[in-house]
Amino acid sequence: MNNAPIGIFDSGLGGLTILKALRRTLPHEKLIYFGDTANVPYGSKSKQTVTQFSLDIARLLEQKGVKLIIVACNTASALALHTLKKQISVPVLGVIEPGAAKAAATTRNGRIAVLGTEATVKSGAYRQQILQKRPQTHVLQVPCPLFVPLVEEGWAKKPLSELAAREYLKPVLKNGADTVILGCTHYPVLKPVIARVLGKQVRLVDSADTLAQEVKQFLSSRQQQAGGKGSLAIYASDAPERFKRLAKHILGTQLSTVRLKKLNA
């Protein structure tokens, strides 16, 4: 048994979809979440910049005594995970491999589409993982850069979100993919809109529940599960009150406190 906390980080609000699944699957764990709201979005930034932000956050979480770090950001998982695993002293898990594995097991016609940030799509990380698991799969990658700011603005239910989805999803409909990976932790917030545009015949995959199960198995295999009552601490690198207000739309409950923690401060 290990009652040290688990650290989770994302470029902003999106990783709360992962946090929600972790709280549901691992109710006894202490969780520390860091949203880098001062630097969101990561998807349009360089690999060097995203890697530096990720290292700064991981070191901050390391200082708080975490036993495990979860990179809840797809862009950071695609660009920085390898470096984090080399330079951080605790285990680090990303979101891409669980999502790719689930999609490869889900598709019936061997056609998978990946919706992601520009950086995630450019990295080819999902394509690589999918083809390792199912070599003959046809993988279509579609960058959707407006989705993150729409979620961060709390506009997921506004007409503009559906207009953006209809435009971005045209190649997916043309391609005939039967499985679509929501390759950014912000995108599950737009799941109702995306599902409406794609239709019931298309299965949507997000890695939240899959990753939560992987974390549970990881802790169990190392006998590091926590006992007692779980807890939650949330930090944002900018505008914590705004984060707190918008988080309610994702978590479904009001957060009591979001603390301001600037990177390198």
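**Cavities and sheet of the predicted model**

In this predicted model, the largest cavity has 14 lining residues, and those nearest its centre are Ser11, Cys73, Thr75, Thr117 and Cys184. The volume of this largest cavity is about 70 Å³. By class, its lining comprises eight polar, five nonpolar and one charged residues.

In total, two cavities of 30 Å³ or more are present in the structure. The second largest cavity encloses about 40 Å³. Its lining is formed by Thr17, Ile18, Asn74, Leu182, Cys184, Thr185, Pro188, Asp206, Ser207 and Ala208. Of these lining residues, five are nonpolar, four polar and one charged. Cys184 belongs to the lining of the largest cavity and also to that of the second largest.

The sheet is open and consists of six strands in the order S4-S3-S1-S2-S9-S10, paired in parallel. Strand S4 (92-93) and strand S10 (259-260) form the edges, each pairing on one side only. Within the sheet, six bridges join strand S2 (residues 30-35) to strand S9 (residues 231-236) in the parallel sense. In this pair, Phe34 of S2 is placed opposite Tyr235 of S9.

Two helices are described in relation to the sheet. Helix H2 (residues 47-63) lies across strand S1 (6-10), S2 and strand S3 (68-71), and runs at about 155° to S1. Helix H11 (residues 208-221) packs on the sheet and touches S1, S3 and S4, with its direction at about 165° to that of S3. Ala208, at which the range of H11 begins, is among the residues lining the second largest cavity.

Note on methods: Residues are numbered from 1 along each chain as its sequence is written. This is a predicted model: local features need pLDDT of at least 70, side-chain atom pairs count only at pLDDT 80 or more; totals for chains, interfaces and linings use all residues. Side-chain values use heavy atoms; hydrogens and water are left out. Two strands pair if DSSP finds at least two bridges between them. Helices (H or I, at least four residues) and strands (E, at least two) are DSSP runs, numbered from the N terminus. Contact means heavy atoms within 4.5 Å. Axes are lines fitted to C-alpha atoms, for helices over the stretch in contact, and angles run from 0 to 180 degrees between N-to-C directions. On a 1 Å grid over the protein atoms alone, a cavity is a set of points where a 1.4 Å probe fits but cannot get out, and a pocket is an open set with protein on both sides within 12 Å along at least five of seven lines; lining residues have an atom within 4 Å of a point. Grid points are joined across faces, edges and corners, and a volume is the space filled by probe spheres set on the points. Ala, Val, Leu, Ile, Met, Phe, Trp, Tyr, Cys and Pro count as nonpolar, Asp, Glu, Lys and Arg as charged, and the others, Gly among them, as polar.
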